[in-house]
Amino acid sequence: MVLRGIEQRLERVFEGVFGRAFRTNVQPVELARKLAKEMDEHRSTSVTRVYVPNEYTIYLSPGDREQFEGYENSLVSELEEYLSEHAMRENYALLTPPRILFETDEDLGVGEFGIATRMAQYGRRGDEEAPAEVPPPGATMVYKPRTQPTEAASAVELGVEREVAVLSWSGQRRVLDQQRSVLGRSRDADVRIEDPNVSRRHAEIVQEGSTYWLVDLGSTNGTEVDGRRVQRVRLDDGSHFTIGETTVTFSTERE
């Protein structure tokens, strides 16, 4: 009943304010439900607890982001409350109360959005973040000592395996360890591919939640999947794509 009450507030406050504008744009109540879905899909089971991400970055198109101007702080508060209630109901463990961040992604069209999640710790000594508030009764929060050197909880700390993305090409192998990885011939590229037909900044791989996307960065020779030029395409385990004369294999592994 509590979750439904929050959904109704989102519908009344935001959809009532924007009226018809939201009929083709991202709906706040849709964001709430998808955030809960991401929480469910990214849970990790340890010996005694089920951990879920506490930080959620929502990527919106410029048009959708503009719709929230002036109301974003209120929306963030509502969404964070929604996730807190969902975690309590499912008996999930959180390192801190949920935190929502908004980012603009020029590659997204109106009505499209992505959600990236992670388990992060705040309030360590030297951080600019304020200490997390004391959770309400019934909530399960897990805090690490302020002197811990790591910013995010690792798979070893949680006692679970984690999934990583890997690129393989021409006898080389590279693990992707960030949400955005640029592929290209430049020395500054995150994944350097020494092929004269590859642009300096040829393409990038973007992680949105558990989904990975291959995005061409306006390269000279283009990016191809199965012989077809693409601008943005989803990558699955075992996907192959070609940049320049180099064929790259995308895969996911557990470590």
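This is a short tutorial chat about reading a few features of the predicted model above.

User: Let's start with the big picture. How many helices and strands are there in the protein?

Analyst: You'll find 5 helices and 18 strands. Of the 255 residues in the protein, 44% are buried.

User: And how do I read contacts along the chain? What share of them join residues at least 24 apart?

Analyst: Take the contacts between residues at least 6 apart in sequence: 61% of those join residues at least 24 apart.

User: Okay, aromatic rings next. How many aromatic pairs does the structure hold?

Analyst: There are 2 aromatic pairs. To read one, look at the distance between ring centres and the angle between planes: under 30 degrees counts as stacked, over 60 as edge-to-face, and the rest as tilted. For F68 and F102, the centres are 5.9 Å apart and the planes sit at 35°, so this pair is tilted.

User: Where in the chain are F68 and F102?

Analyst: F68 is in the loop between α3 (62-67) and α4 (72-90), while F102 is in strand β5 (residues 99-104). They're 34 residues apart, so the pair links distant parts of the chain.

User: Are those two buried or exposed?

Analyst: Buried means under 20% relative accessible area. F68 has 0% relative accessibility, so it counts as buried. F102, at 8%, counts as buried too.

User: Which residues form the other pair?

Analyst: Y212 and F250, and that pair is tilted as well, with 5.3 Å centre to centre and 55° between the planes. Y212 lies in strand β13 and F250 in strand β18 (residues 246-254), so the pair ties together parts 38 residues apart in sequence. Both Y212 and F250 are buried.

User: Can a ring have a charge over it too? What sits over the ring of W213?

Analyst: Here you look for the charged end of a Lys or Arg placed over the ring. In this model it's the charged end of R232, 4.5 Å from the centre of the W213 ring.

User: Last one: D216. Where is it found?

Analyst: D216 is in strand β13 (residues 211-216). It's buried, yet it has no salt bridge.

User: Why doesn't R229 make a salt bridge with D216?

Analyst: A salt bridge needs the charged atoms within 4 Å. R229 is the nearest side chain of opposite charge, but it is 6.9 Å away from D216.

User: Then what does the D216 side chain touch?

Analyst: The side chains of D216 and T223 are joined by a polar contact of 2.6 Å. Leaving aside neighbours within four places in sequence, D216 is in contact with H202, A203, G222, T223, V230 and Q231.

Technical notes:
Residues numbered from 1 in each chain as written. Predicted model: local features only at pLDDT ≥ 70, side-chain atom pairs only at ≥ 80, totals over all residues. Heavy atoms only, no water. Helix = DSSP H or I, 4+ residues; strand = E, 2+ residues; numbered from the N terminus. Buried < 20%, exposed > 50% of the residue type's maximum accessible area, 1.4 Å probe, protein only. Lys, Arg positive; Asp, Glu negative; His and termini not counted. Polar contact = N/O pair within 3.5 Å; in protein donor to acceptor, adjacent residues only side chain to side chain. Contact = heavy atoms within 4.5 Å. Phe/Tyr/Trp six-rings, centres within 6.5 Å; stacked < 30°, edge-to-face > 60°. Lys NZ or Arg CZ within 6 Å of the ring centre and 35° of its normal.
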